[in-house]
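Here is a short report on one predicted model. Have the sequence and the 3D view ready as you read.

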Amino acid sequence: MAGKRPLWDHADVPPRTALEQLASPHGWPAPIVALALNRLNLSLIAGCAAALRLGRGDRAADLGFGGGRSLRFLLDAVGPDGQVTGIEPSSAMLRYARRRYPSHLERAGLRILEGTAGDLPLRDASQDGLMSANTVYFWRDIDAGLGEIHRVLADRGRLAIGISESDEQLRMGFAREGYLVIRPEELVERVRGAGFRDVRLGRRESGRQGAIISARRGARD
Ligand SMILES: C[S@@+](CC[C@H](N)C(=O)[O-])C[C@H]1O[C@@H](n2cnc3c(N)ncnc32)[C@H](O)[C@@H]1O
């Protein structure tokens with residue numbers, strides 16, 4: 001019917017409840033949010049996983065994995081001898097991932113752990129790569145989060161953070177909800193300030209797909 005509009009037209013600012021679901025998927029919509037995140041963010045997630053340049057047997061983590069599509073990319077990259085850790089504060093997303101990957105959990109190739117950027121449930125220097133796509137807006141403290149990531153990466157470890165362009169963040173209504181709005185260039189400076197090396201900014205094809213900031217922890221690969 002002419003003039004009839006969908007409930008959440010992406011051309012509009014999403015309603016508050018939709019934004020709350022992005023920051024903290026919960027309740028009955030959570031499985032739908034998981035599927036939507038996996039689909040809408042696929043290119044950014046794949047780009048972050050690739051930017052870690054993982055090899056067989058590596059240990060990698062995704063912080064704020066949401067629907068968990070990233071976990072499959074990371075598991076494929078590290079192979080059967082590697083280990084992948086998915087970290088999430090949302091109990092609904094933790095449950096969703098545990099249901100989705102039972103065989104990987106059983107053979108210990110995958111760990112699904114509760115945690116946040118400010119408090120990573122990982123040992124010092126234990127990871128060869130850590131990615132986080134579309135989560136920084138919700139971190140309590142960016143510098144503390146980057147410090148935590150620096151702590152858990154091994155010297156040759158890599159970081160990849162995916163974010164939307166700042167005009168997209170504003171269009172989505174992040175500022176209105178009190179979430180952080182940050183330009184990719186500013187995040188690059190914060191990553192440098194946290195002590196990472198070789199910090200790079202890769203732009204995606206379209207604004208909606210955003211940017212990937214990648215870096216190394218130590219001086220050498
Ligand atoms: C927009 S979703 C992105 C999910 C997934 N990374 C993706 O790109 O599709 C944001 C995710 O960040 C998680 N999150 C919220 N606060 C966080 C924090 N302080 N640290 C880590 N993750 C957080 C949420 O639970 C949610 O799953």
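R197 stands opposite R216 in strand β7. R197 belongs to strand β6, residues 197-203. Five bridges join β6 to β7, and the two strands run antiparallel. Strand β7 also pairs with β5, residues 153-163. That pairing is antiparallel too, over six bridges. Here G162 stands opposite I212 in β7.

| Partner of β7 | Bridges | Sense | Opposite residues |
|---|---|---|---|
| β5 (residues 153-163) | six bridges | antiparallel | G162 and I212 |
| β6 (residues 197-203) | five bridges | antiparallel | R197 and R216 |

How enclosed is strand β7? Five of its six residues, in the run 211-216, are buried, so β7 is largely enclosed by the rest of the structure. In a regular strand, side chains alternate between the two faces of the sheet.

Now turn to a helix. Which residues of α5 are buried? In this helix, residues 91-100, they are M93, Y96 and A97. Looking down the axis of α5, these buried residues fall within an arc of 95°, so they line one face of the helix. An α-helix has 3.6 residues a turn, so residues three or four places apart point the same way. The cover over the buried residues of α5 includes two helices, α2 (30-40) and α4 (69-78). It also includes two strands, β2 (83-88) and β3 (110-114).

Last comes the ligand. It is surrounded by 24 residues. The closest are L37, G64, G66, A133 and F138. By class, the shell around the ligand has 13 nonpolar, nine polar and two charged residues.

Note on methods:
Residues numbered from 1 in each chain as written. Predicted model: local features only at pLDDT ≥ 70, side-chain atom pairs only at ≥ 80, totals over all residues. Buried ≥ 20, exposed ≤ 12 C-beta atoms within 10 Å, placed from the backbone. Helix = DSSP H or I, 4+ residues; strand = E, 2+ residues; numbered from the N terminus. Arc of directions from axis to C-beta. Contact = placed C-beta atoms within 7 Å. Near = placed C-beta within 6 Å. Nonpolar A, V, L, I, M, F, W, Y, C, P; charged D, E, K, R; others polar. Pairing = 2+ DSSP bridges.
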